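Here are a few exercises to work through with the coordinates open. Try each task before you read its solution.

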Amino acid sequence: MVTEVFGRNGIPPTIKYFVHACTGWTRFYDLIAFAVLEGTILVLRAVTLGILFTPSIVMAAFADCFGPEFRKLWLHVVLRTLELAGPAFIKWGQWAATRPDLFPRDLCTKLSELHTKAPEHSFAYTKKTIERAFGRKLPEIFDNFEEKPVASGSIAQVHRATLRFRYPGQRAKPIVVAVKVRHPGVGESIRRDFVIINLVAKISKFIPALKWWRLDESVQQFAVFMMSQVDLAREAAHLSRFIYNFRRWKDVSFPKPLYPLVHPAVLVETYEQGECVSHYVDDLEGHERIKSALAHIGTHALLKMLLVDNFIHADMHPGNILVRVPKNKSSRNRLFKSKPHVIFLDVGMTAELSKHDRVNLVEFFKAVARRDGRTAAECTLRLSKQQKCPNPKAFIEEVEESFAFWGTPEGDLVHPAECMQQLLEKVRRHRVNVDGNVCTVMVTTLVLEGWQRKLDPAYNVMDTLQTLLLKADWAKSLSYTIEGLMAP
């Protein structure tokens, strides 16, 4: 009788139902409160961004009206606005810098300066994040941990440390490591900003002047790019894949992720010593032999990524490339007789192409190297599955005309890479669509070619590409050809 009245646990059923109902209503009100708070934050953020971007938007309308100095000022304002807007917009700017098919070349060049040092977060936050990620106190993992970061980007900052334990209870040989820690609130900040960016992109579909940019589709591509940057565990997976692909190469390497010390918010990897490649590109006088060797190594590594592995490091600016030259103890004068070693860092941004895009892109590179304008234009029009160029015939004719000039003795002085830059400018003016991954590969090739031309002016990436492409049927045996020519 008592059980029937009070229930098996001594609580009357009516009270239990009342408690459950109250709990349900509490959760409902919590959800409503959260939605209202989130909506309020989004509205305030949108207003803040609107105020922040107003000067650059207003100036954009007059950017071509008041001469080159005003345009230069506008470009600077755009750059500073993106820096102040936060990580999502800094990353958008870095992504936009790789899209000369969508944006003017001078804007892309200016946005490429966004690879700068970002504000640092506190050591207390770094410590808390690492301990929460790995479930152990900081001194239990590291013998020494430098509180001041050695580098800081828009997504994370890097500390140097000495590893003590890799697995619980198992002492490792002391090894210097780089510990990459994601900044606080980056994920939430990017998620909110992406909601706003996505809304603006959807509205742009109803504005005729912006419709051809396909901003809504571009935003989806950008979202994939952003997620690969924010998730440090994904970057570790990219590192492992690159390490495997280049396992036979003695002059190219990548930092090694130290599992199990890998987490979406924290990545522990080997600390790589080396000099930034810009030291050899801009500062170092003489030593042409080592510069030429660097140009060859960089080109061959990119071509292997593109033509053999179909897994391309898509962020190859000089800040992400280190050079190590073994010192000869017997003679300082023979320092540069050693072969340089190249280390690629920060592989969060990568690109992979479909079989159709790979075949088409290879044909495009062949056409550029041969100065075949019609084929290059036709290949370009096939670089998007949703081609919406309003006048493909006019585009092909203009490209043919340009390539005809480049084939003359006067035009022959124009470097093939410059031909490709001018072709991308025509792509923008004729509103030719190019898929994001394909354009990323093209721009990565141009970035690499740019600093390699400074290293060795006599070395031509396009000539090397043409030699490799014409040496064998790339679809069947090019991988063996490249490995045979380039691997140590």
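The exercises below deal with a predicted model and go from its nonpolar cores to a sheet.

**Exercise 1.** Find the largest nonpolar core and work out which domains it lies between.

*Solution.* Start with the count: this core has 66 residues. Next, look for the residues with the most contacts inside it, and you land on Phe254, Phe344, Leu361 and Phe364. Then ask which element gives the most: that's helix α13 (residues 288–309), with 10 residues. Finally, check the domains. Domain 2 (118–272) and domain 3 (273–328 + 336–487) both supply residues, so the core sits between them.

**Exercise 2.** List the contacts of Leu361, skipping its neighbours within four places in sequence.

*Solution.* Taking contact as heavy atoms within 4.5 Å, you get Leu306, Leu353, Leu383, Val438, Val441 and Met442. While you're at it, look for a second core: a separate one of 29 residues includes Leu75, Leu114, Ile190 and Val230.

**Exercise 3.** Work out the strand order of the open sheet of 4 strands, then place α13 against it.

*Solution.* The order reads β5-β11-β10-β8, and the pairing is mixed. Now the edges: β5 (252–253) and β8 (275–276) each have a single partner strand, so one side of each has no neighbour in the sheet. Moving inward, β10 (residues 321–324) and β11 (residues 341–344) run antiparallel and are joined by 4 bridges. Across that pair, Val323 stands opposite Val342 in β11. Last step: α13 lies across β5, β10 and β11, and it runs at about 45° to β11.

Notes. Residues are numbered from 1 along each chain as its sequence is written. This is a predicted model: local features need pLDDT of at least 70, side-chain atom pairs count only at pLDDT 80 or more; totals for chains, interfaces and linings use all residues. Side-chain values use heavy atoms; hydrogens and water are left out. A nonpolar core is a set of buried Ala, Val, Leu, Ile, Met, Phe, Trp, Tyr and Cys residues joined through side-chain atoms within 4.5 Å. Buried means under 20% relative accessible area, exposed over 50%, partly exposed in between (1.4 Å probe, protein chains only). Helices (H or I, at least four residues) and strands (E, at least two) are DSSP runs, numbered from the N terminus. Domain bounds come from an automatic or database domain assignment. Two strands pair if DSSP finds at least two bridges between them. Axes are lines fitted to C-alpha atoms, for helices over the stretch in contact, and angles run from 0 to 180 degrees between N-to-C directions.
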